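User: I am new to this structure and would like to understand how its descriptive terms are justified. May I put some questions to you?

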Amino acid sequence: QWCHKFGADFARKLRRRWPKPGDIWHLDEVFLRINGELHYLWRAVDQHGVVLDILVQGRRNAAAAKHFFKRLLAGLRYKPKRLITDGLRSYGVAHREILPEVKHRSSRYLNNRAENSHRPTRRRERQMQRFKSSKQAQRFLSSHAMIYGHFRPRRHLMTAAQYRRARAEAFRVWRQETCVQIAA
């Protein structure tokens, strides 16, 4: 309920503050079972691990891949230098039609950045005891990805002091954007 009421607005405010994402995009899809039906969660991540966009769809074909590419490009207003995907052939079709000038690498070993970004989703899915509908999953995961990324800097690349400063800055921005007042 919290996510339904406040999540999208908070995520939008945090997204505005982020710098321009990287120019290497990792794209991947993973299945979700919603009410016994198979749905696919399409995710785009840049080379720094920042989630660019998420889309829940019922299909995993070329039309679905094209729809995801168009949505991704509409939200970001610039094109990447390189796309990295797994072996799904739908990406190739969408790439040729929508982004023909962008280099495309297809390998299951190069796409670990996108594969690892699914882990928090699976953890939340278990805690929530599955998603109830594709609309609810889309709404929740879109805002959850942005908020999760905001509070979890890439710890393995920082010293302890840098990590503490990054977390303090994240909480400062959160309080500023959500208008949270700290009790004296």
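User: Which residue is the bridge partner of Arg-82 in β5?

Analyst: The model is a predicted one. In it, Lys-103 of β5 is the bridge partner of Arg-82.

User: What makes β4 and β5 a pair of strands?

Analyst: Two strands pair if at least two bridges are found between them. Strand β4 (residues 82-85) is joined to β5 by four bridges, and the two run parallel, so the condition is met.

User: Why are β3 and β5 called edge strands?

Analyst: The open sheet has five strands in the order β3-β2-β1-β4-β5, with mixed pairing. Strands β3 and β5 (103-106) each pair on one side only. From one strand to the next, the twist averages 20°. Helix α3 packs on this sheet and touches β1, β2, β4 and β5; its direction makes about 175° with that of β5.

User: Why does Gln-57 count as buried?

Analyst: Buried means under 20% relative accessible area. Gln-57, which is in strand β3 (residues 51-57), has a relative accessibility of 13%, so it counts as buried.

User: How do you know that the side chain of Gln-57 lies within polar-contact range of the backbone oxygen of Ala-64?

Analyst: The cut-off for a pair of N or O atoms is 3.5 Å. A polar atom of the Gln-57 side chain lies 3.1 Å from the backbone oxygen of Ala-64, so the distance is within that cut-off. Beyond its neighbours within four places in sequence, Gln-57 is in contact with residues including Trp-42 and Phe-68.

User: Why is the pair of Trp-42 and Phe-68 called tilted?

Analyst: Ring centres must lie within 6.5 Å, and planes from 30 to 60 degrees apart count as tilted. The centres of these two rings are 6.0 Å apart and the planes are at 40°, so the pair is tilted. Because Trp-42 lies in strand β2 and Phe-68 in helix α2, the pair ties together parts that are 26 residues apart in sequence.

User: How do you know that Trp-42 and Phe-68 are buried?

Analyst: Trp-42 has a relative accessibility of 0%, and Phe-68 has a relative accessible area of 0%. Both values are under 20%, so both residues count as buried.

User: What links Phe-69 to Tyr-91?

Analyst: Phe-69 and Tyr-91 form a tilted aromatic pair, 6.5 Å centre to centre with 35° between the planes. Phe-69 lies in helix α2 and Tyr-91 in helix α3, so parts 22 residues apart in sequence are tied together. Ring pairs link Trp-42, Phe-68, Phe-69 and Tyr-91 into a cluster.

Conventions. Residues are numbered from 1 along each chain as its sequence is written. This is a predicted model: local features need pLDDT of at least 70, side-chain atom pairs count only at pLDDT 80 or more; totals for chains, interfaces and linings use all residues. Side-chain values use heavy atoms; hydrogens and water are left out. Buried means under 20% relative accessible area, exposed over 50%, partly exposed in between (1.4 Å probe, protein chains only). A polar contact is a pair of N or O atoms within 3.5 Å; within protein, one must be able to donate a hydrogen and the other to accept it, and residues adjacent in sequence count only if both atoms are side-chain atoms. Contact means heavy atoms within 4.5 Å. Axes are lines fitted to C-alpha atoms, for helices over the stretch in contact, and angles run from 0 to 180 degrees between N-to-C directions.
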